[in-house]
Amino acid sequence: MAEPVELSLRVNGHPAELRVDPRTTLADLLRDRLGLTGTHLGCEQGVCGSCTVLIDGRTARSCTTLAAQAGGSTVWTVEGLSPPAGLSRLQEALSAEHGLQCGFCTPGFVTAATELLVASRGGDLDEAAVRDRLSGNICRCTGYQGIVDAVLAVLAEDVATLPGADAVATGPDVGELVEPPELTPAPVDPSGPADRRGRASAVAAEVLAHLAVFVAAALAGVAAWRRWRR
Ligand code: FES
Ligand code: FES
């Protein structure tokens, strides 16, 4: 077993000093060691977004982040983005707009939407932009309309009062979608697999042709033998 590592970070505004197995994910640290089970685990492969937390003000997948990678960072979970009692304005809006059913995805959406709302403060995001910026979070229940409506409702309000608003990084690049680089087909290597596949097909065709000649000769031989027997 690997040697434990010493870890020092801040979680929801509180300091945490721990010794952890270096293979521990941040999600497991939050849930199992710190009891912050609001961070949900769905796919555990960085796809569904239910484990989204804020690390140094930016959303991150805690299932694919090692706890050791968060050392020295400030982490906020959905518990820290909620008021001590009752619901935040965003949570109220999600409830009012029917933006949740089973609620499994909701902590991830609250975290991602908090970043979106605070980072785009003063911006004029429309529905399409909100959908784009929440597209890293998957909900299997709602069809998304209620979630988007809730975010749009809060967008028009003073988001500076949202719990955790101070924790969100702001800046010109925050909240902007990064366009994936354009894919260009790689040049074909004449000795590459495509060429090898072509040569394999030619050899197979030649073998089949020889086989057909052999079968025809064998059938002709059988017919001649039958005639001779009569
Ligand atoms: S559990 Fe982390 S992205 Fe799905
Ligand atoms: S409310 Fe059930 S997965 Fe979103």
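Reader: Which residues does threonine 114 touch, not counting residues up to four places away in sequence?

Author: Happy to start there, with the note that this is a predicted model. Threonine 114 sits in helix α3, which covers residues 106–119. Once residues up to four places away in sequence are set aside, threonine 114 touches Leu81, Leu90, Pro163 and Val168.

Reader: Is threonine 114 buried or exposed?

Author: The cut-off for buried is under 20% relative accessible area. Threonine 114 has a relative accessibility of 2%, so this residue counts as buried.

Reader: Which backbone oxygen does the side chain of threonine 114 reach?

Author: Good one to look for on screen, starting from helix α3, where threonine 114 is placed. The distance is 2.6 Å, and the backbone oxygen belongs to valine 110.

Reader: Which helix gives the largest share of the largest nonpolar core?

Author: That core has 32 residues, and the members touching the most others are Leu90, Leu116, Leu117, Val130, Leu134 and Val151. At least two residues of this core come from each of α2 (89–96), α3, α4 (127–133) and α5 (145–155). The largest share is 8 residues, and the helix supplying them is α3.

Reader: Leaving aside neighbours within four places in sequence, which residues is leucine 134 in contact with?

Author: Leucine 134 is one of the core residues that touch the most other members. With its neighbours within four places in sequence left aside, leucine 134 is in contact with Phe109, Ala112, Ala113, Leu116, Ile147 and Val151.

Reader: And how many residues are in the other core that lies apart from it?

Author: Look for Leu9, Val53, Ile55 and Ala67, which are among the members of this other core. In general, nonpolar side chains in soluble globular proteins tend to be buried together. The count for this separate core is 16 residues.

Reader: At roughly what angle do the axes of α3 and α5 cross?

Author: Two packed helices are described by the angle between their axes and the distance between the axes. From α3, the contact is made by Phe109, Ala113, Leu116 and Leu117, and from α5 by Ile147, Val151, Val154 and Leu155. The crossing is right-handed. The axes come within 11 Å, and the angle is roughly 35 degrees.

Reader: Which strands hold the two partners of the salt bridge between glutamate 6 and arginine 19?

Author: The side chains of glutamate 6 and arginine 19 meet at 2.7 Å, N to O. Glutamate 6 is exposed, with a relative accessible area of 59%, while arginine 19 is partly exposed at 47%. The partners are 13 residues apart and link distant parts of the chain, with glutamate 6 in β1 (residues 5–11) and arginine 19 in β2 (residues 14–20).

Reader: In the salt bridge of arginine 23 and aspartate 21, is aspartate 21 buried or exposed?

Author: These two side chains meet at 2.8 Å, N to O. Arginine 23 counts as exposed, at 57% relative accessibility. Aspartate 21 has a relative accessible area of 19%, and the cut-off is under 20%, so aspartate 21 is buried.

Reader: Which residues do salt bridges that share partners join into one network?

Author: Begin with glutamate 157 and arginine 89, whose side chains meet in a salt bridge of 2.7 Å, N to O. Glutamate 157 lies in the loop between α5 and α6 (193–229) and arginine 89 in helix α2, so the pair ties together parts that are 68 residues apart in sequence. Glutamate 157 is partly exposed at 34%, and arginine 89 is partly exposed at 32%. The network joins Arg89, Glu92 and Glu157.

Reader: Where does aspartate 56, with its positive phi, lie?

Author: Most residues other than glycine have a negative phi. Aspartate 56 is not a glycine, yet its phi is positive, at about 50 degrees. This aspartate is partly exposed, with a relative accessible area of 46%. Aspartate 56 lies in the loop between β3 and β4 (58–61).

Reader: Glutamate 44 has a positive phi too, so what is its value?

Author: Glutamate 44 is found in the loop between α1 (26–33) and β3 (52–55). Glutamate 44 is not a glycine either, and its phi is about 60 degrees.

Methods
Residues numbered from 1 in each chain as written. Chains lettered and ligands numbered in written order. Predicted model: local features only at pLDDT ≥ 70, side-chain atom pairs only at ≥ 80, totals over all residues. Heavy atoms only, no water. Helix = DSSP H or I, 4+ residues; strand = E, 2+ residues; numbered from the N terminus. Buried < 20%, exposed > 50% of the residue type's maximum accessible area, 1.4 Å probe, protein only. Polar contact = N/O pair within 3.5 Å; in protein donor to acceptor, adjacent residues only side chain to side chain. Contact = heavy atoms within 4.5 Å. Core = buried A, V, L, I, M, F, W, Y, C linked by side-chain atoms within 4.5 Å. Salt bridge = Lys/Arg side-chain N within 4 Å of Asp/Glu carboxyl O. Axes fitted to C-alpha atoms, helices over the stretch in contact; angles between N-to-C directions. Left-handed = near helix turned anticlockwise from the far one by under 90°.
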